[in-house]
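Visitor: Hi, I'd like to walk through this one with you. Could you start me off with whatever term I need?

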Amino acid sequence: MFPVSVFIIAKNEADRIGATIRAIRGLTDDIVVVDSGSTDGTQTVAEELGARVIFNPWPGYGLQKRFAEDQCRYDWLLNLDADEEVSPELLAEIRRLFAQGEPPCQAYGIRIAETYPGEAAPHPLAYRIAPVRLYRRDAGRYSSSLVHDRVDLKPKTKVGKLKGLVHHRSVRSLGDQLAKLNSYADQQAVDLEVRGVSIPTWRVYFEFPAAFLKVYFGRLHFLRGTYGFLISMNYATWRHLRLAKHYERKRLGALAKSDAQVKRVKA
């Protein structure tokens, strides 16, 4: 076992979180699952696999991960989502990293690749992101954003990159993905309003086709055939909904403000 705490936030992930925990069980004796109210037995699955399960009402992505950070025992933290699996190659790489003592960097980016239904592993040319997921708690922590879950590192933090992959099984089905993205669009519209950000209305007309082209060609989804096309359509729909709901909130807010001004004048 190594001095690394693994933390996972979850809600209704009983069908996926088991694979996530089993993949890293041999790395650490401190696996923390922060659950925001699952009703499908997620808590039981996690506890039976040796995780500490802690309830915390949902405050937003960044804040939930901050709460999870505070529950960890060790100085080194590894964050995984409940639909992610560390590959054997990445697990071995992390073991080697700590085998000689303290790693040379204070934070490490980890490559994450989507693995879609029907795929045992990501396509060899699948699009990858490499956010910081392994880091010392004194080098940074998750942003307090409602919708963005990124690690904000302190200036001059030395950041390395690991070669192994995390398999991201984010899509249960096309319908489930669309429902999830619709909910996420709601949260993003609220976040934009809270932060006082106003996106120009003209973008509503171009967001869908631009988003589709971005992922279908730019992220090589065309290599996944018909399923890649359908995933790209869902992604573009989400990006459209995000702006549509943002526009609607601005419009209704402006109308409410106008009505209030009229009432004050009449009074």
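Guide: Happy to! A salt bridge here is a side-chain nitrogen of Lys or Arg within 4 Å of a carboxyl oxygen of Asp or Glu. Keep in mind that this is a predicted model.

Visitor: Okay, so which residue forms a salt bridge with arginine 224?

Guide: That is glutamate 119, and the closest N and O atoms of the two are 3.1 Å apart. The pair fits the definition because 4 Å is the cut-off.

Visitor: Let's step back to the domains. Where are the bounds of domain 1 and domain 2?

Guide: The domain assignment puts domain 1 at 4-168 and domain 2 at 174-266. Their C-alpha centres lie 28 Å apart.

Visitor: And how many residues of each are in contact?

Guide: Domain 1 contributes 16 residues, which are in contact with 13 residues of domain 2. About 1300 Å² is buried between the two domains, and carbon and sulfur atoms give 56% of that area.

Visitor: Which three residues supply the most of what domain 1 buries there?

Guide: Tyr116, Tyr127 and Val147. They supply 44% of the area that domain 1 buries against domain 2, more than any other three residues.

Visitor: How many salt bridges and polar contacts are there between the domains?

Guide: The count is 2 salt bridges between domain 1 and domain 2. There are also 4 residue pairs in polar contact across the interface. On the domain 1 side, the residues touching domain 2 divide into 10 nonpolar, 3 polar and 3 charged.

Visitor: New topic: aspartate 83. Is it buried or exposed?

Guide: Aspartate 83 is buried, with a relative accessible area of 7%. You'll find it in the loop between strand E4 (76-81) and strand E5 (84-86).

Visitor: What does the side chain of aspartate 83 make a polar contact with?

Guide: The side chain of histidine 168, at 3.3 Å. Leaving aside neighbours within four places in sequence, aspartate 83 is also in contact with other residues, including Arg16, Thr20, Arg169 and Lys180.

Visitor: Thr20 sits in helix H1, right? How many residues of H1 are buried?

Guide: Thr20 is one of the buried residues of H1, along with Ile17, Gly18, Ile21, Ala23 and Ile24. Helix H1 spans residues 17-24, and 6 of its 8 residues are buried, so the helix is largely enclosed by the rest of the structure.

Visitor: What covers those buried residues of H1?

Guide: The cover includes strands E1 (4-10), E2 (31-35), E4 and E5, together with helices H2 (42-48) and H4 (88-99). E4 and E5 are the strands on either side of the loop that holds aspartate 83.

Terms used:
Residues are numbered from 1 along each chain as its sequence is written. This is a predicted model: local features need pLDDT of at least 70, side-chain atom pairs count only at pLDDT 80 or more; totals for chains, interfaces and linings use all residues. Side-chain values use heavy atoms; hydrogens and water are left out. Helices (H or I, at least four residues) and strands (E, at least two) are DSSP runs, numbered from the N terminus. Buried means under 20% relative accessible area, exposed over 50%, partly exposed in between (1.4 Å probe, protein chains only). A polar contact is a pair of N or O atoms within 3.5 Å; within protein, one must be able to donate a hydrogen and the other to accept it, and residues adjacent in sequence count only if both atoms are side-chain atoms. Contact means heavy atoms within 4.5 Å. Domain bounds come from an automatic or database domain assignment. Buried area is the accessible area (1.4 Å probe) that two parts lose on being put together, summed over both. Ala, Val, Leu, Ile, Met, Phe, Trp, Tyr, Cys and Pro count as nonpolar, Asp, Glu, Lys and Arg as charged, and the others, Gly among them, as polar.
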